[in-house]
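User: Please take a close look at a single part of this structure, the interface between its two chains. Give the cut-offs as you go.

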Amino acid sequence: MEENKMEIMNQQFSEEYETGIQEFAQLLTFLPEERRLMMVNVFVGVAVTY
Amino acid sequence: MAVNAQLQEKLDLFKSCVKFEKPTRVPNVSCDFTWKFLDSEYPLSEAMMNNELIEKVVFDYHERYQFDTYIDFGCRNHMKVLKALGGDCAYKIDDESGAINFQEKVLMEANEYDEYINNKSAMMWKMFMRKFPGLTKGQAVQAMGAFLQTSQFSGQIIEKFVANYDTPALFNMFSVPMMPYENFIGYYRGMREGALDLRKNKAKLKEALDKDFETAVLPRIIGGLSQPNEKYAFDCYTALLGHSVMSNKQFEEFYWPHLKRLIDEVVARDKTLYIFCESSILRLAEYFQDIPKGHVCLHLELDDIFETRKRLPNICLAGGMKTELLGGATPEVCADYAKMLLDEMGEGFIFSQDKMISFRNDCKRENLLAVNEVVKNYRP
């Protein structure tokens, strides 16, 4: 299981938006589920302006 | 939310100034960013990556210089998030020179305005992938953690300043609406392409800016102004940066409509707005001359503050203390200049430096101490 998780973490995101943000959101298990997608969009918007 | 008497006294100084009422003393704002780290014993690259050190640097700085508030509390710092995102970090720290250099990258092509306008979220994702090529899922998760921690840390530092030093933040970090053009010239298109777009992509740029304003910036303005901001010196903050590449005509078309709406909302709600004006705004004075007194403070950088006062007697001005003196003159010369500034500017003036003090040569400790002693003891 651990090896599988490591393998996932070494992957890159899909370049396609709808798929990519879902992939990102699913990994944010430390956030409440209902906030994950919103936080991904917020983070992406902010990181682009860093 | 109730504030204690000492904090309220400091808040009242700013309220008096913006309304052109005589304050009990002239408030002093620190316009420093990296200089506080250069003034410490820690290398820049080490301090900026360590929250404990940031906190130590920021509190030591306050105990040394005793400003009434700060444009930055050490939190305008994306290093940890960018490090987690990996790749070639956009910011390069040079500990020897004390400089932080920003490597810009064109993230959005000129022919992608339609995609931005019609599907902004997808275009942001595209820009994110371009800014951080090769980003792994693990790096992104770590970066999200660093982002949340940094946001939390920023709030904590501000709370500690209030609790430990009765010192308010200049503004609420959730009430900072930057005008839409700033993102295009600063990040999406870069300086060169963003400036060229003003001529070569006028219609699409205008459409993108107007849409961004309605969907993203205006809600932020209204949300920020609706918050209880009684713990902050000002209700709202923004910075004028991109205007510096525009002609007056371009400013009127691409920038002013959005800025005017921000100012109108501030005035309509009887709130206050602090605008940091990078470069020069004196050539744009006509746009600010009809703003009712009592709402807006302009922090000047390159402009002569005395000339600006004549042109805009309705606007509170901040800044004035020349960094060429702070960095190159004696404490006596600096102190004399500070006294002259305070005497001449009178009401509607907030003392600060005339530019962001960011480099080692921008300021000497003994000069800043001498100046701040003058400001602290000056009685209008």
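Analyst: The interface comes before the cavity and the outline of chain A.

This is a predicted model, where local features need pLDDT of at least 70, side-chain atom pairs count only at pLDDT 80 or more, and totals for chains, interfaces and linings use all residues. Residues are numbered from 1 along each chain as its sequence is written, chains are lettered from A and ligands numbered from 1 in the order in which they are written, and side-chain values use heavy atoms, with hydrogens and water left out.

On the interface, 31 residues of chain B are in contact with 30 residues of chain A (contact means heavy atoms within 4.5 Å). The two chains bury about 2600 Å² between them, and 80% of that lies on carbon and sulfur atoms. Buried area is the accessible area (1.4 Å probe) that two parts lose on being put together, summed over both. Of the area that chain B buries against chain A, 32% is supplied by Trp125(B), Lys137(B) and Met144(B), more than any other three residues.

The rule finds zero salt bridges across the interface (a side-chain nitrogen of Lys or Arg within 4 Å of a carboxyl oxygen of Asp or Glu). It does find nine residue pairs in polar contact, both at pLDDT 80 or more. A polar contact is a pair of N or O atoms within 3.5 Å; within protein, one must be able to donate a hydrogen and the other to accept it, and residues adjacent in sequence count only if both atoms are side-chain atoms.

On the chain B side, H5, H7 (120-131), H8 and H9 (180-188) each give two or more residues. H8(B) has the largest share, nine residues. Helices (H or I, at least four residues) and strands (E, at least two) are DSSP runs, numbered from the N terminus. That side divides into 22 nonpolar, seven polar and two charged residues. Ala, Val, Leu, Ile, Met, Phe, Trp, Tyr, Cys and Pro count as nonpolar, Asp, Glu, Lys and Arg as charged, and the others, Gly among them, as polar.

H8(B) also gives the most to the lining of the largest cavity, with three residues. The residues of that lining divide into four nonpolar, six polar and one charged. Among them are Asn51(B), Cys75(B), Lys80(B) and Phe153(B). Lining residues have an atom within 4 Å of a point on a 1 Å grid over the protein atoms alone, and a cavity is a set of points where a 1.4 Å probe fits but cannot get out.

Chain A has three helices and zero strands.

Definitions and conventions
On a 1 Å grid over the protein atoms alone, a cavity is a set of points where a 1.4 Å probe fits but cannot get out, and a pocket is an open set with protein on both sides within 12 Å along at least five of seven lines; lining residues have an atom within 4 Å of a point.
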